[in-house]
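Subject: A structure for you to look at

Hi there,

Here is the structure I promised to pass on. Please open it beside this email, and then read on for what turned up.

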Amino acid sequence: MPIRRLTDDMINRIAAGEVVERPASVVKELVENAIDAGAKRIEIVTAGGGIALIRITDDGSGMDAADLAVAVERHATSKLADDLLDIRTLGFRGEALASIGAVARLSISSRHAGEPHGWEVAVSGGIVEPLRPAAIAKGTRVEVRDLFFATPARLKFMKGERAEASAITDVVKRLAMAHPEIRFNLSGSDRTALDLPSTGDGGFAERLAQVLGRDFADNAMIIDAAREGVRLAGQAGLPTFHRANGLQQYLFVNGRPVRDKLLIGALRAGYADVMARDRHPVAALQLMLDPHEVDVNVHPAKADVRFRDPGLVRGLIVGALRQAIHQSGHRATSTGGGATIAAFRPGTPPPFSSAHASRPAYAAARSAAAYAWEAPSFAEPQTGFEAVNQPSADARAHDSPADARIARPLGAARAQVHSTYVIAQTEDGIVIVDQHAAHERLVYERLKQALARSGAARQILLIPDIVDLPSEDVARLIARAEELAELGLVIEGFGPGAVAVRETPALLGSVDSAALLADLADDFAEWDGSTRLAEKLDHVAATMACHGSVRAGRQLRPEEMDALLREMEATPGSGQCNHGRPTYVELKLSDIERLFGRR
Ligand code: ADP
Ligand code: MG
């Protein structure tokens, strides 16, 4: 094929592919424009997840007739002088309006303060119509209908009304956090309304409370740190306030919401010592620095940035978070010497039958017996392997020198410490079990089996639990109420911002409904609206199991401890909890000897 120049129309549609990925990107671009125009109030209305309609009204500067005519052209902007490294506005590429006009039906009415009346311009599938006078107060109203009608291929990639509507909410929340002085109002037939009044003097902290709720405020640490002209300010959740995904991480660079890998990585690193790998901190952090130190022209969506000194930025974030965590009284978990930690190894799943056959030679244990604190149990030959198949509730068995349980992979329970860890004695070492992690795994396996078989048995709560949640979370949960009921969790709406929990899966025992619902809502936010829960059974079961388990902090009776160990031995994959953490660690006598310098 000969080389031909693309038509303007084609160029616009190609550019639009990058700038306008989904309805939320249209909202982002238009709200950014309103903010750049100095608006004090921005109103957003959507329908059909933003595909049918997006209407954004602002009280900003407005445009006169001449500007309005140029605004919809490609590469037309009022924001860029000639320094790409001194960008102080959210927009600068001059391609949003042209891109939107190329793929949708766009109409903009605007009135500049100096004009006697307003003007309107309409663009449909890239075709611009002549300007007409319009009746409008000072400011701008942008209406986008039938998004992607001109590019049907893109339309096929949309996720469904609910998912697109909630992506829009997310975008608005992010921009609203960065601009607490502006009043934001988001409404429409496809959503529950969100109204965020200007916070006046309350600033960022007050806006965070509006958007993230009091719950976050109660569980957050104040972050304020600076290094070499870079400042970090905001709030970060306590290490115990974690979520199932990173959706609640709000990061801003000079007032621009970003999803930058470097920043997300630094956030993770700040919590690395105090949070499981697959849990995510909640945070809203602003980074402020000289615009020359950061390049925002990395991607058309402007969500990535490049820092001139990435090490400085990362160091500042990691350092500030670690210090805040330290000051909030949460000690990092690894306080022991490196040798100790190295000697403790994550447990490997035990074989489930004829366990004793795979144990190391008895002689090895005997040779180590001198160092064991309970030497008698090593002093006699082991007998009675048969008996070990049932957990023994006989208290005398614990003291029996010929304790058959010792030959089991996870040994004989000897003690519970800190109401959290079960310590067991094995033939050639000790095992420390994290009772919560272990129990969670067992509940998960049982739940999965029960669900796959016949649906889960429920228990009725005498008094329903009323759980307050953000309205989008309520909507996500209620949309799946029927499916959740099949899994044993019966909920119903309780006004726009709350859910009533009536029944819970019996297997879970007593449940912290609020935490369970928050995590389920997080899960659902990540999934497509059409995904059946049955397809995600493992995941749902894991989330539920996590909340139904024996929490750390419960005293266990000796026979309960042994029952836990025996069930772990019989359950595949019980060496790890559902989050990938080990459920137990094992310390061999030889390791203990090394610790004491005997080897
Ligand atoms: P950019 O924001 O990158 O400049 P856009 O295509 O989004 O590019 O907008 C083009 C121009 O239209 C802007 O530079 C601005 O001058 C004008 N404009 C767009 N939206 C508004 C608005 N809501 N109020 C006032 N002016 C606007
Ligand atoms: Mg713009």
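First, a definition: helices (H or I, at least four residues) and strands (E, at least two) are DSSP runs, numbered from the N terminus. With that in hand, look just past helix H7, where glycine 213 follows with a positive phi, near 90°.

A word on where the values come from. This is a predicted model, in which local features need pLDDT of at least 70 and side-chain atom pairs count only at pLDDT 80 or more, while totals for chains, interfaces and linings use all residues. Residues are numbered from 1 along each chain as its sequence is written, chains are lettered from A and ligands numbered from 1 in the order in which they are written, and side-chain values use heavy atoms, with hydrogens and water left out.

**Helix H7**

Is H7 enclosed or open? One more definition helps here: buried means under 20% relative accessible area, exposed over 50%, and partly exposed in between (1.4 Å probe, protein chains only). H7 covers residues 203–212, and seven of its ten residues are buried, so the helix is largely enclosed by the rest of the structure. The buried ones are Gly203, Phe204, Arg207, Leu208, Ala209, Val211 and Leu212.

**Ligand 1**

Which pocket holds ligand 1? Ligand 1 sits in the second largest one. A pocket is found on a 1 Å grid over the protein atoms alone, as an open set of points where a 1.4 Å probe fits, with protein on both sides within 12 Å along at least five of seven lines. A molecule sits in a pocket if more than half of its atoms lie within 2 Å of the pocket's grid points.

There are 18 residues around the ligand (near means a heavy atom within 4 Å). Asn33, Thr77, Ser78, Lys79 and Gly94 come nearest. By class, this shell has seven nonpolar, seven polar and four charged residues. Here Ala, Val, Leu, Ile, Met, Phe, Trp, Tyr, Cys and Pro count as nonpolar, Asp, Glu, Lys and Arg as charged, and the others, Gly among them, as polar.

Some polar contacts (pairs of N or O atoms within 3.5 Å) are worth finding on screen:

- Serine 78 has a side-chain N or O atom 2.5 Å from an oxygen atom of ligand 1.
- Aspartate 58 places a polar side-chain atom 2.9 Å from a nitrogen atom of ligand 1.
- Phenylalanine 92 has a polar backbone atom 3.0 Å from an oxygen atom of ligand 1.

Taken alone, ligand 1 exposes 530 Å², and the protein buries 93% of that (Shrake-Rupley method, 1.4 Å probe).

**Two positive phi values**

Most residues other than glycine have a negative phi. Asparagine 254, however, has a positive phi, near 50°. This residue lies in the loop between strand E13 (249–253) and strand E14 (256–258), and asparagine 254 is partly exposed because its relative accessible area is 33%. Serine 419 also has a positive phi near 50°. Serine 419 is in the loop between E20 and strand E21 (421–426), but is buried, with a relative accessible area of 19%.

**Two more residues to visit**

Leucine 410 is in the loop between helix H13 (376–379) and strand E20 (412–417). At 0% relative accessibility, leucine 410 counts as buried. Its C-alpha atom is 6.3 Å from that of threonine 426, although 16 residues separate them along the chain.

Phenylalanine 252 belongs to strand E13 and is buried, at 1% relative accessibility.

Enjoy exploring!

Terms used
A polar contact is a pair of N or O atoms within 3.5 Å; within protein, one must be able to donate a hydrogen and the other to accept it, and residues adjacent in sequence count only if both atoms are side-chain atoms. On a 1 Å grid over the protein atoms alone, a cavity is a set of points where a 1.4 Å probe fits but cannot get out, and a pocket is an open set with protein on both sides within 12 Å along at least five of seven lines; lining residues have an atom within 4 Å of a point.
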